[in-house]
Amino acid sequence: MAVARRTVFISYSHFDSGYRDELRSYLESLQLRGEIELWDDRSIGAGEDWYSEIADKLERAKVALLVLTRHFLGS
């Protein structure tokens, strides 16, 4: 029986992209097995409507992970 892919939306401050990368490294095995789809703003292509992309992914996400740092809270 196939497992439905669940979108996991990752929100972070760009200043703390290292923390985002570390978080993704813990979850990548689930993505490789097709159980989840990790998504963050690096998936937005040049020239795309970034606001619509973020709103769409956030609406469809089953989980939102916030990388809370002082930079995140200040942005």
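A residue is called buried here when its relative accessible area is under 20%, exposed when that value is over 50%, and partly exposed in between. By this yardstick, buried residues account for 28% of the 75 residues in the protein chain. The structure is a predicted model, and the description below moves from its overall layout to its strands, its first helix and its salt bridges.

The protein chain contains three helices and three strands. Read from the N terminus, these elements follow the order β-α-β-α-β-α. Taken along the principal axes, a box of roughly 45 × 25 × 20 Å holds the C-alpha atoms of the protein chain. Contacts can also be sorted by how far apart their partners lie in sequence: of those between residues at least 6 apart, 69% join residues at least 24 apart.

Two pairs of residues help a newcomer to get a feeling for these distances. Histidine 14 sits in the loop between E1 and H1, and with a relative accessibility of 54% histidine 14 is exposed. Although histidine 14 and histidine 71 are 57 residues apart in sequence, their C-alpha atoms are 8.5 Å apart in space. Alanine 55, for its part, belongs to helix H2 and is partly exposed, at 36% relative accessibility. Between the C-alpha atoms of alanine 55 and aspartate 16 there are 21 Å, with 39 residues separating the two along the chain.

The strands come next. Strand E1, residues 6-11, pairs with E2 in the parallel sense, over four bridges. Within this pairing, threonine 7 has glutamate 37 in E2 as its bridge partner. To get from E1 to E2 the chain passes through H1, and the resulting β-α-β crossover is right-handed.

The helix in that crossover deserves a closer look. H1 is built from 16 residues and spans 21 Å from its first C-alpha to its last, close to the 22 Å expected at 1.5 Å a residue. A kink of about 45° is centred on tyrosine 26 in H1. Arg20, Arg24 and Leu27 are buried residues of H1. The cover over the buried residues of this helix includes E1, E2 and strand E3, residues 63-66. Just beyond the end of H1, glycine 34 adopts a positive phi of about 80°.

The charged side chains complete the picture. Side chains of opposite charge can pair when their charged atoms come close. Seven salt bridges are present in the structure. In one of them, aspartate 21 partners arginine 42, with 3.6 Å between the closest N and O atoms. This pair links distant parts of the chain: aspartate 21 lies in helix H1 (residues 17-32), while arginine 42 lies in the loop between strand E2 (36-39) and helix H2 (50-60), 21 residues away. Both partners are partly exposed, aspartate 21 with a relative accessible area of 37% and arginine 42 with one of 47%.

A further salt bridge brings together the side chains of glutamate 35 and arginine 33, at 2.9 Å from N to O. Here glutamate 35 is partly exposed, with 24% relative accessibility, whereas arginine 33 is exposed, with a relative accessible area of 55%.

Glutamate 37, already met as the bridge partner of threonine 7, also forms a salt bridge with lysine 57, in which the closest N and O atoms are 3.3 Å apart. Because glutamate 37 lies in strand E2 and lysine 57 in helix H2, this pair ties together parts that are 20 residues apart in sequence. Glutamate 37 is partly exposed, at 22% relative accessibility. Lysine 57 has a relative accessible area of 10%, so this residue falls under the 20% limit and counts as buried. Elsewhere, salt bridges with shared partners connect Arg20, Asp21, Arg24, Asp40 and Arg42 in one network. Two members of this network, Arg20 and Arg24, are among the buried residues of H1 described above.

Methods
Residues numbered from 1 in each chain as written. Predicted model: local features only at pLDDT ≥ 70, side-chain atom pairs only at ≥ 80, totals over all residues. Heavy atoms only, no water. Salt bridge = Lys/Arg side-chain N within 4 Å of Asp/Glu carboxyl O. Buried < 20%, exposed > 50% of the residue type's maximum accessible area, 1.4 Å probe, protein only. Pairing = 2+ DSSP bridges. Right-handed = clockwise from strand over helix to strand, strands pointing away. Expected span 1.5 Å × (residues − 1). Bend = angle between axes of the 7 residues up to and from the residue. Contact = heavy atoms within 4.5 Å.
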